[in-house]
Amino acid sequence: MAHPSQLGFQDAASPVMEELLHFHDHALMIVFLISTLVLYIIVAMVTTKLTNKYILDSQEIEIIWTVLPAVILILIALPSLRILYLMDEINDPHLTIKAMGHQWYWSYEYTDYEDLGFDSYMIPTQDLTPGQFRLLEADHRMVIPVESPIRVLVSAEDVLHSWAVPALGIKMDAVPGRLNQTAFIASRPGVFYGQCSEICGANHSFMPIVVEAVPLEHFENWSSLMLEDA
């Protein structure tokens, strides 16, 4: 869960998000080194009174500042492509959930069960209990088992939405008439919050996503209770 004045990302709750955090740190270090070098060169050029004709017109320096950026771009591009393919990989999911975006709430359907589905609305501020987060709590959470590959099918019924949970490293557009899919593994139990990340209308910021990762036996108990209530 993010907190006020937080500068970095949320703690990773999935292997993909861990990879994204490592890539972010890798790219940021390269940016810091380049910025420091450029700043040093600018200060040196402005303050020095010396000139060197071999630096002003040097074939070797031109080769270096052409080859070096190309190498840096490769060092950034290769890890980035690796993570892109990892995010697209869907290997033998244990559970498939369909998330459907509406104006302005989400509905979830557990397609491996016959009648397990529900709508998820934001809890109004006046109905919140102590400890709940304003604008982020939903009346029904999407419950999943931990350490199990989960496939999420994402679509919308009216306008563009986007199903995003930062701690899990997920952001998938919900497009009317199109079925997109993504997958993730929750590596630890917890409650992870997200919001619609597409400008979908007046209540765009009021359709929260709450994913609750629980041990498998608790998930089985929850699904049995939900089926009984249905």
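Between domain 1 and domain 2 of this predicted model, the number of salt bridges is zero, and the number of residue pairs in polar contact, counting pairs with both residues at pLDDT 80 or more, is also zero. The side of domain 1 that touches domain 2 can be described by class as well, for it holds five nonpolar residues and neither polar nor charged ones. Helix α1, which runs over residues 15-47, supplies the largest share of this side, namely four residues.

To see where this contact sits, it helps to turn to the two domains themselves. The domain assignment of the protein chain places domain 1 at residues 15-88 and domain 2 at residues 95-229, and the contact takes five residues from domain 1 and six residues from domain 2. The C-alpha centres of the two domains lie 40 Å apart. Together, domain 1 and domain 2 bury about 390 Å² between them, and 54% of that area is on carbon and sulfur atoms. Of the area that domain 1 buries against domain 2, 79% is supplied by Pro15, Met17 and Met87, a larger part than any other three residues provide.

The records can now be set beside the model, beginning with the part of the chain that is rich in helix. In an unreviewed entry, UniProt lists residues 27-51 and residues 63-85 under "transmembrane region". In the model, residues 27-51 are 84% helix and 0% strand, and the C-alpha atoms at the two ends of this span lie 34 Å apart. Residues 63-85, for their part, are 100% helix and 0% strand, with end C-alpha atoms that lie 33 Å apart.

Further along the chain, the unreviewed UniProt entry lists residues 92-225 as "domain: Cytochrome oxidase subunit II copper A binding". Over these residues the chain is 7% helix and 44% strand, while the end C-alpha atoms are 26 Å apart.

Two details of the backbone in this later part of the chain deserve a careful look. The first concerns the peptide bond that leads from Gln103 to Trp104, which is cis and has an omega near -5°; Trp104 itself is found in the loop that joins β1, residues 95-102, to β2, residues 105-110. The second concerns Leu135, whose phi is near 70°, a positive value in a residue other than glycine. Leu135 also belongs to a loop, in this case the one between β3, residues 117-120, and β4, residues 142-145.

Note on methods: Residues numbered from 1 in each chain as written. Predicted model: local features only at pLDDT ≥ 70, side-chain atom pairs only at ≥ 80, totals over all residues. Heavy atoms only, no water. UniProt positions renumbered as here; feature names shortened; annotations may be inferred. Domains from an automatic or database assignment. Contact = heavy atoms within 4.5 Å. Buried area = accessible area lost by both parts, 1.4 Å probe. Salt bridge = Lys/Arg side-chain N within 4 Å of Asp/Glu carboxyl O. Polar contact = N/O pair within 3.5 Å; in protein donor to acceptor, adjacent residues only side chain to side chain. Nonpolar A, V, L, I, M, F, W, Y, C, P; charged D, E, K, R; others polar.
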